[in-house]
Amino acid sequence: MGYVKGLRCKECGKNYEKLPVHVCEYCFGPLEVDYDYEGISKVISRKSIQDGPPSMWRYQPLLPIDGEPQVGRYTGFTPLIEAKNLAKALGLKKVYVKNDSVNHPTFSFKDRVVSVAVTKAKEFGFDTVSCASTGNLANSVSAHAAEAGLKSCIFIPVGLEQGKVLCTQVYGTQLISVRGSYDDVNRLCSEIAGSHQWAFVNINIRAYYGDGSKSYGYEIAEQLGWRTPDNVVVPVAGSSLITKIWKAFHEFKDLGLIDKVNTKVFAAQATGCSPVSTAIKNGWDTHKPVKPDTIAKSIAIGNPADGFYGIKTVRDSGGWGEDVTDEEVIEGMKLLGETEGVFTETAGGVTVAVTKKLVEQGRIKPDELTVVCVTGNGLKTLEALDNKFAEPAVIEPNIHSFEEVYSNGITV
Ligand SMILES: *Cc1c(COP(=O)(O)O)cnc(C)c1O
Ligand SMILES: [Zn+2]
C-alpha cells in the first residue's frame, strides 16, 4: 500500500478522506495530498531510487497511488541533456534540457500526471475518464484510458493543431471540440462533472493528478547528481508543473536526499496568454484572467487553476516571469533544433525564448547552472512552422544537377 493519509486543504488545513474530491467545502481552497512522510523516510533513499525502474515509478512512495501503477509503467525518467551548443548560443556555461518531448507514451510531460490520474480512476472504480485539455492532456488521457480498458470522453477547444486532434483520436475515444477557449471548456466540464460520475483527471482527480508532476522535479535533482540547479525555466499553463517542481525539490531536501534547495524558478509564457508572468511583473499576488491568443496553444490557459500558487512559487524562489511573442516562440523552436537536435513544440519554443530573454536581462547569469524545461514534441505542432523554411531544392537524379545546386549554396 502507499503513503497517502488523505487530502488536506491547502488554505485552511482541514483534512479529507482519500476520495475524488478537490475543493474544500469550508473555504473553497484546493485540496492536496497529505503524505505519511515518516513512513516514506523509512523506505526511500538514493539507493532505493537508483535500484528502482527507469521510469517515474522509481519515486513510487512519493506518488499518490495505493497499489501498483495500473497504467503508464514506462512513463518518465526522460533524458536530462547537457546542452553545450545551446549554452554557447545563449552565452551560458551550463545548460541542461529536461526533455519530456520523448516521454512515453504520448510525447509530453502530461504522461506523468495522467499515469497517476488514471491509476487513481481505477482505484476509485470509475468506468470513464474525462478531461478539459489544450491538447497534450487529451492525447495522454486517451492513450492511458485505452491501456486501462476504460471509456473516455475528452473536451478540447476548437482550432487545436491537427497533430493534437489525431493523436487523441487514434486511441479510440469520444472527442468533443467546444466552440470557445480552454477556459470555456474547463467551465463546461465542471458543469458536466455534476451530472456524470466520471473521473475528470484535472477536476475531481486534480489533487492526485498534480502530484504526478513532482516526478519531473525529482528527476532533475537526481540526474544532476542529487542537487538542484541554480535556475529552472518552466512553461506555465495552469501552473501545476511549476508548483510541483518546487514541491519536489523541497520534499527531497526534507527527506535528506539532497542538501539544500537554492533554485530560482522562472515562469515562461507566451505574450498572447501571459496571466502569470504579467502578475509577477506587476507585483500582484494573483493573476487577472485573460483571453488567449497565441500559437503556443498547449499552454494557452487564460485563467490558470493554480495561478496563485505558481506566482507564489516564483516569488518565494527569487525567480521571475517573462513572456515572448509568437515570432520569438518560433525562433526558440529553431534555436533548440539547430543547437541540440531536439524538436520541441511551441511550448518548448516559449521556454527557450524566455531563457534567452532572461539571460539578456541579466536575471540568469553566465556561471549559473540552468535547466530549461522542454515538455512537448514538435511533431504535434507542425502548423507553427508552415512556410517558415524555403522549399527543399529539387534536382534531377544526376551528379551534375546536384553540384549545380550545391555550389550555388542553396541548400546551405
Ligand atoms: C500542460 C503543459 C504544460 C504546463 O502545464 P501546467 O498546467 O502549468 O502544469 C507545459 N508544457 C506542455 C507542452 C503542456 O502540455
Ligand atoms: Zn479549506
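Helices, taken here as DSSP runs of at least four residues, are numbered from the N terminus. The structure described below is a predicted model. Within it, helix H9 spans residues 214-223 and is mostly covered, with 9 of its 10 residues buried. The buried residues of H9 are Lys214, Ser215, Tyr216, Gly217, Tyr218, Glu219, Ile220, Ala221 and Glu222. Just after H9, the backbone at Gly225 adopts a positive phi of about 85 degrees.

A zinc ion (ligand 2) is held by the protein through Cys9, Cys12, Cys24 and Cys27, each contributing its SG atom, and these donors lie 2.3 Å from the ion. The angles subtended by the 4 donor atoms run from 97 to 118 degrees, and the arrangement is therefore tetrahedral. For such an assignment, all angles among four donors must lie between 85 and 135 degrees. The ideal angle for four tetrahedral donors is 109.5 degrees. Along the sequence, the donor residues follow the spacing C-x2-C-x11-C-x2-C. Cys12 is placed in the loop between strand S1 (4-9) and strand S2 (15-16), while Cys24 belongs to the loop between S2 and strand S3 (31-35), so this pair ties together parts that are 12 residues apart in sequence. With regard to solvent, Cys12 is partly exposed, at a relative accessible area of 44%, whereas Cys24 is buried, at 1% relative accessibility.

The loop between S2 and S3 also contains Phe28. Phi of Phe28 is near 65 degrees, a positive value in a residue other than glycine. Phe28 counts as exposed because its relative accessibility is 66%, and the cut-off for that class is over 50%.

Backbone features are likewise found in the loop between strand S5 (94-99) and helix H4 (110-124), where Pro105 lies. The peptide bond joining His104 and Pro105 is cis, with omega at about 5 degrees. Phe107 is placed in the loop between S5 and H4 as well. Although Phe107 is not a glycine, its phi is positive, at about 65 degrees. The relative accessibility of Phe107 is 40%, and this residue is accordingly classed as partly exposed.

Ligand 1 is surrounded by 16 residues, of which the closest are Lys110, Asn136, Gly238, Leu241 and Thr375. Polar contacts to oxygen atoms of the ligand involve both side-chain and backbone atoms of the protein. A polar side-chain atom of Asn136 is found 2.9 Å from an oxygen atom of ligand 1. For Gly238, a backbone N or O atom lies 2.8 Å from an oxygen atom of ligand 1, and for Leu241 a backbone N or O atom is likewise placed 2.8 Å from an oxygen atom of the ligand. Taken alone, ligand 1 exposes 390 Å², and the protein buries 96% of that area.

Thr344 is located in the loop between helix H13 (326-340) and helix H14 (346-360). This residue is buried, with a relative accessible area of 0%. The side chain of Thr344 reaches the backbone oxygen of Gly376 at 2.9 Å. When neighbours within four places in sequence are left aside, the residues in contact with Thr344 are Met333, Leu336, Gly349, Val374, Gly376, Asn377 and Gly378.

Terms used:
Residues numbered from 1 in each chain as written. Chains lettered and ligands numbered in written order. Predicted model: local features only at pLDDT ≥ 70, side-chain atom pairs only at ≥ 80, totals over all residues. Heavy atoms only, no water. Donors = N, O, S within 2.8 Å, 3.2 Å for Na, K, Ca; no water. Tetrahedral: all angles 85-135°; square planar, octahedral: opposite > 155°, others 65-115°. Helix = DSSP H or I, 4+ residues; strand = E, 2+ residues; numbered from the N terminus. Buried < 20%, exposed > 50% of the residue type's maximum accessible area, 1.4 Å probe, protein only. Polar contact = N/O pair within 3.5 Å; in protein donor to acceptor, adjacent residues only side chain to side chain. Contact = heavy atoms within 4.5 Å. Near = heavy atom within 4 Å. Areas by Shrake-Rupley, 256 points an atom, 1.4 Å probe, with all protein chains shown as cover.
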